[in-house]
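Please work through the following exercises with the sequence and the coordinates open beside you. Each task is followed by a solution that proceeds step by step.

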Amino acid sequence: MSSLLSTPNSGMHPIGEISRRTKVRDRRWVDAAFRWFCVATALLSVLILVVLLVSILIQGYARLSWHFLQHYPEPEPRWAGIGPALWGTVWVCCVCGLFALPIGVATAIFLEEFPPQRWWTRKLHNFIQLNISNLAGVPSVVYGILGLTLFVSLAHLAGTPNQPAWEIGVRYYDQFWSLGDRAILVPITDPNAPPTLAQAGMQAQDYDGHPVAVTIVPSRREAADSPEMLQYTLIEGRVAGRITKSSWYHLRLPLGRSVLAAALTLMLVILPIVIIASQEALRGVPSSLREAGLGVGATPWQVVRHVTLPAAIPGIMTGSILAMSRAIGEAAPILIMAGAVFISTSPSSLVDEVTVMPLQIYDWASRPQAEFHELAATGILVLLAVLLLFNSLAVYIRQRTQKPLT
């Protein structure tokens with residue numbers, strides 16, 4: 001009996017061999033089935049994405065033009081554009097990247113390359129690492145509420161957005177309209193002072209900043225009839241409007257609903273992503289490179305600067321690309337912080353009011369008219385183009401800065 005079970009040439013397969021072959025065949029079938037399931041899932045996902053992109057392209061391509069890219073939103077769909085939202089997105093994402101990427105990479109270097117030496121530094125290290133992991137899972141709308149409280153109003157600790165406690169790079173003017181319908185500007189030093197004509201005769205200027213000589217008369221009857229004189233003639237008691245002229249470096253505290261406040265809010269959203277991705281990239285660098293650098297007498301910072309960081313740049317840039325892609329498409333934090341406001345001008349300084357493309361697309365898509373839905377589809381095409389442009393720039397930087405490990 002034992003010979004029948006163990007002899008391979010007895011004319012029948014042993015029971016153990018049959019069971020083993022059956023298990024191998026079952027494992028191969030399960031492996032093939034799982035592989036085809038993964039392929040089918042990936043193809044289905046790509047197919048859904050292609051269908052969405054094609055439908056958006058068909059719906060929005062007809063309205064894509066230079067007028068759409070340059071003009072501001074209007075109630076009439078055929079004249080509406082996405083210019084202010086387009087440049088607002090560029091401003092916000094560039095400022096956000098300038099803050100988030102250096103801070104995120106520096107934090108990752110501190111956590112990975114400089115291990116704590118004392119018990120209190122270990123506690124601090126663990127506390128920072130725990131909070132970074134927790135912040136990565138916080139919904140973005142929470143960051144919008146935080147940005148509204150911290151950056152927009154500075155928690156009501158110093159001034160208000162309309163009456164800032166500190167400001168630089170801006171000039172205030174009282175604007176009067178002359179009898180010849182010409183704007184006359186009078187510079188003022190106290191933004192809270194009521195408009196007055198007391199200094200108009202000495203400090204008046206036109207809209208381009210050139211000083212002009214004005215005549216103040218008590219009534220229209222006392223004014224000269226010459227059209228040239230009427231252009232610089234003001235009537236006593238005429239109500240003025242308060243306007244500002246700001247420079248590109250205009251800053252104030254609190255920040256208000258501005259480019260800088262939106263950028264700092266999005267920085268909080270993507271900062272955990274940048275830190276975690278940078279940490280993983282640094283961990284992927286072989287420890288032998290660090291040991292070799294330290295062995296030839298280099299300091300830990302020299303090893304980081306010349307060995308570890310250049311080797312980890314591809315992974316850091318990949319994480320940065322994903323983080324910036326999320327920042328470009330975020331609408332919830334900006335909606336909480338800025339609101340769905342109508343802005344007809346592109347930002348020219350860091351404290352100008354701003355809107356972004358996801359917010360503008362949301363506004364168009366929420367309207368019932370089909371024309372605005374077409375505008376939303378066109379806006380999505382422009383948003384995808386900006387996203388690809390930023391990603392292409394990041395990939396180019398990654399390729400240019402990548403260095404071989406050997």
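**Exercise 1.** With which residue does Asp 363 form a salt bridge, and how far apart are the closest N and O atoms?

*Solution.* The model is a predicted one, and every distance below is computed from it. Begin at the carboxyl group of Asp 363 and look for a basic partner: the salt bridge is formed with Arg 367, and the closest N and O atoms are 3.1 Å apart. Next, consider accessibility, where buried means under 20% and exposed over 50%. Asp 363 has 23% relative accessibility and therefore counts as partly exposed, while Arg 367, at 28%, is partly exposed as well. Finally, follow Arg 367 to an aromatic ring, since it also lies over the face of Phe 372, at 4.5 Å from the ring centre.

**Exercise 2.** Find the aromatic pair of the structure and decide whether it is stacked, edge-to-face or tilted.

*Solution.* The structure holds one aromatic pair. Its rings belong to Phe 68 and Trp 364, whose centres are 5.9 Å apart and whose planes stand at 40°, so the pair is tilted. The next step is to place the partners: Phe 68 lies in helix α3 (residues 66–70) and Trp 364 in helix α13, so the pair ties together parts that are 296 residues apart in sequence. As for accessibility, both Phe 68 and Trp 364 are buried. Beyond its neighbours within four places in sequence, Trp 364 is in contact with several residues in addition to Phe 68, among them Pro 73, Ile 82, Phe 372 and Leu 375.

**Exercise 3.** Describe the largest nonpolar core and identify which element gives the largest share of it.

*Solution.* The largest nonpolar core has 46 residues, and those with the most contacts inside it are Ile 82, Val 92, Ile 270, Ile 334, Met 357 and Trp 364. Among the elements that give two or more residues to this core are α4 (83–113), α9 (259–283), α11 (300–329) and α14 (370–401). The largest share, twelve residues, comes from α9. A second, separate core of ten residues includes Ile 109, Val 285, Val 304 and Ala 311. As background, nonpolar side chains in soluble globular proteins tend to be buried together.

**Exercise 4.** Is Ser 140 buried or exposed, and with which residues is it in contact beyond its neighbours within four places in sequence?

*Solution.* First, locate Ser 140, which has its place in helix α6. Its relative accessibility is 12%, so Ser 140 counts as buried. With neighbours within four places in sequence left aside, the contacts of Ser 140 are Val 269, Arg 326, Glu 330, Ala 332 and Pro 333. Two of these contacts, Arg 326 and Glu 330, meet each other through their side chains in a salt bridge of 2.9 Å, N to O. Within that salt bridge, Arg 326 is partly exposed because its relative accessibility is 29%, whereas Glu 330, at 12%, counts as buried.

**Exercise 5.** How many salt bridges does the structure hold, and where do Asp 31 and Arg 35 lie?

*Solution.* The structure holds nine salt bridges. One of them joins Asp 31 to Arg 35, with the closest N and O atoms 2.8 Å apart. Both residues, Asp 31 and Arg 35, lie in helix α2 (residues 15–60), four residues apart, which is about one turn of the helix. Asp 31 is partly exposed at 44% relative accessibility, and Arg 35 is partly exposed with a relative accessible area of 44%.

How values were computed. Residues are numbered from 1 along each chain as its sequence is written. This is a predicted model: local features need pLDDT of at least 70, side-chain atom pairs count only at pLDDT 80 or more; totals for chains, interfaces and linings use all residues. Side-chain values use heavy atoms; hydrogens and water are left out. A nonpolar core is a set of buried Ala, Val, Leu, Ile, Met, Phe, Trp, Tyr and Cys residues joined through side-chain atoms within 4.5 Å. Buried means under 20% relative accessible area, exposed over 50%, partly exposed in between (1.4 Å probe, protein chains only). Contact means heavy atoms within 4.5 Å. Rings of Phe, Tyr and Trp (its six-membered ring) pair if their centres lie within 6.5 Å; planes under 30 degrees apart count as stacked, over 60 as edge-to-face and the rest as tilted. A charge sits over a ring if NZ of Lys or CZ of Arg is within 6 Å of the ring centre and within 35 degrees of the ring normal. A salt bridge is a side-chain nitrogen of Lys or Arg within 4 Å of a carboxyl oxygen of Asp or Glu.
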